[in-house]
Amino acid sequence: MLDDLAAGQIGFGTVWLLGVSMGLTACTVTCLPFMGTWALGRASGTAEAFRHALVFLAGRVLTYTALAASAGLAGLGLAKALGGTWGNALIGGASIAAGLWLLVRARRPGCAPKAPAVQPLRFRGKADAAPPFALGAALALTPCTPLASLLALAAQSGSALNGAGYGLAFGLGAAMTPILILVPLAGRLGRELRCGRPWLSRWLVWVAAAVLILLGLRRLLA
C-alpha cells in the first residue's frame, strides 16, 4: 500500500475499504465501551439507541473529513498533533460530559412514557443526541494505523478538497460497523431491565455514568 501511496494510485474506493476494515474491527472494540454504556444507561429502547448510534457515527465521519482536509491543506503535522495529546483530552472530556449528562437528564423510571409526556420531551430528545455526537467526533481522533494511512494520503494530495474527499470516503467506510446492531441491543436491554424496577433504573444510570466518567479520566491521564 505504501508503494501505491507514493505513486498516487490509491482511489476513493480503496480508502472506503480501508475505513470498512477499521469499522469492523478496531472501531467496535474502541467505541463500544463508550456507546454501549451510554445506551444501557439511557435505557430508552432500541429506536433511540439506534438514532444515537447514527449520530455517533456522523460525528466520526465529520472528524475524519476535517482531519483529512487539514492534512491536505497544512500537511501531516497538524493532523497528527490533533490526534495525539489533544485527541485524548477531547475523548476524555466528551466521555466525562456524557456521564454527567446521564446523571442530570436521567429519565424517570418506567417501561414507556405516557402519551402527554411525548410533546415536552421532543426538544429534550434532540438535545440528548449531543453527547453521542461529541463522543463520535472525539473518538475519531484515536491513533491507529488506518487513520495514519488516511492522513498520509491526504497530506500527499496537497489539497484540502481532495483530503476531505478521502476523509469522507474513509468515514463512510468506518460507519459500516457492528455498533449499529450492538448499541440498539444495549438500549433495549437497559429498557427491559428497568421495566417495573424503579430502583434498578436509578442504579443503571449511576453505574453507566460512573463508567463513562472513569473511561474519560483514563483518557485524560493517558
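# A walk through an all-helix model

From the N terminus on, the elements run α-α-α-α-α-α-α-α-α-α-α-α. Keep in mind as you click around that this is a predicted model.

**Stop 1: the whole protein.** Start with everything shown as a cartoon. You'll find 12 helices and 0 strands. The protein has 222 residues, and 45% of them are buried. Now switch on the surface: its accessible area comes to about 11,000 Å², with 71% of that belonging to carbon and sulfur atoms. One more thing to know before zooming in: if you take the contacts between residues at least 6 apart in sequence, 87% of them join residues at least 24 apart.

**Stop 2: α4 against α9.** Select residues 46-74, which is helix α4, and residues 145-157, which is helix α9. Two packed helices are described by the angle between their axes and the distance between the axes. For α4 and α9, the angle is about 40° and the axes are 7 Å apart. That makes α4 oblique to α9. As for handedness, the crossing of α4 past α9 is right-handed.

Next, show side chains. Which residues of α4 meet α9? On the α4 side, pick Y64, L67, A68, A71 and G72. Facing them from α9 are L147, L150, L151, A154, A155 and S157. Sorted by class, the residues of this contact are 9 nonpolar and 2 polar, with no charged ones.

**Stop 3: L67.** Stay on α4 and center on L67, which lies in this helix and is one of the residues that meet α9. Is L67 buried or exposed? Its relative accessibility is 4%, so L67 counts as buried, the cut-off being under 20%. Now draw a distance from L67 to A140, C-alpha to C-alpha: you should get 9.3 Å, although the two are 73 residues apart in sequence.

**Stop 4: α2 against α9.** Keep α9 on screen and add residues 12-23, helix α2. Here the angle is about 160° and the axes sit 10 Å apart. Angles over 145 degrees count as roughly antiparallel, and α2 and α9 are therefore roughly antiparallel to each other. Their crossing is left-handed. To see what makes the contact, select V15, L18 and M22 of α2, then P146, S149, L150 and L153 of α9. By class, that gives 6 nonpolar residues, 1 polar residue and no charged ones. Linger on L150 for a moment: this α9 residue takes part in the contact with α2, and it also turns up in the contact with α4.

**Stop 5: helix α8.** Select residues 130-139 to bring up α8. How many of its 10 residues are buried? The count is 7, so the helix is mostly covered. Color P131, P132, L135, G136, A137, A138 and L139 to pick out those buried residues.

**Stop 6: G41.** For the last stop, go to helix α3, residues 26-42, and find G41 in it. G41 is buried, with a relative accessible area of 4%. What does G41 touch, leaving aside residues up to four places away in sequence? Show L102, L204, V205 and A208 to see those partners. Then draw a line from the C-alpha of G41 to that of A209: the two atoms are separated by 7.2 Å, while the residues are 168 apart along the chain.

Terms used. Residues are numbered from 1 along each chain as its sequence is written. This is a predicted model: local features need pLDDT of at least 70, side-chain atom pairs count only at pLDDT 80 or more; totals for chains, interfaces and linings use all residues. Side-chain values use heavy atoms; hydrogens and water are left out. Helices (H or I, at least four residues) and strands (E, at least two) are DSSP runs, numbered from the N terminus. Buried means under 20% relative accessible area, exposed over 50%, partly exposed in between (1.4 Å probe, protein chains only). Contact means heavy atoms within 4.5 Å. Accessible areas come from the Shrake-Rupley method with a 1.4 Å probe; for residues, only the protein chains shown count as cover. Axes are lines fitted to C-alpha atoms, for helices over the stretch in contact, and angles run from 0 to 180 degrees between N-to-C directions. Angles under 35 degrees count as roughly parallel, over 145 as roughly antiparallel, 65 to 115 as roughly perpendicular and the rest as oblique. A crossing is left-handed if the near helix is turned anticlockwise from the far one by less than a right angle, and right-handed if clockwise. Ala, Val, Leu, Ile, Met, Phe, Trp, Tyr, Cys and Pro count as nonpolar, Asp, Glu, Lys and Arg as charged, and the others, Gly among them, as polar.
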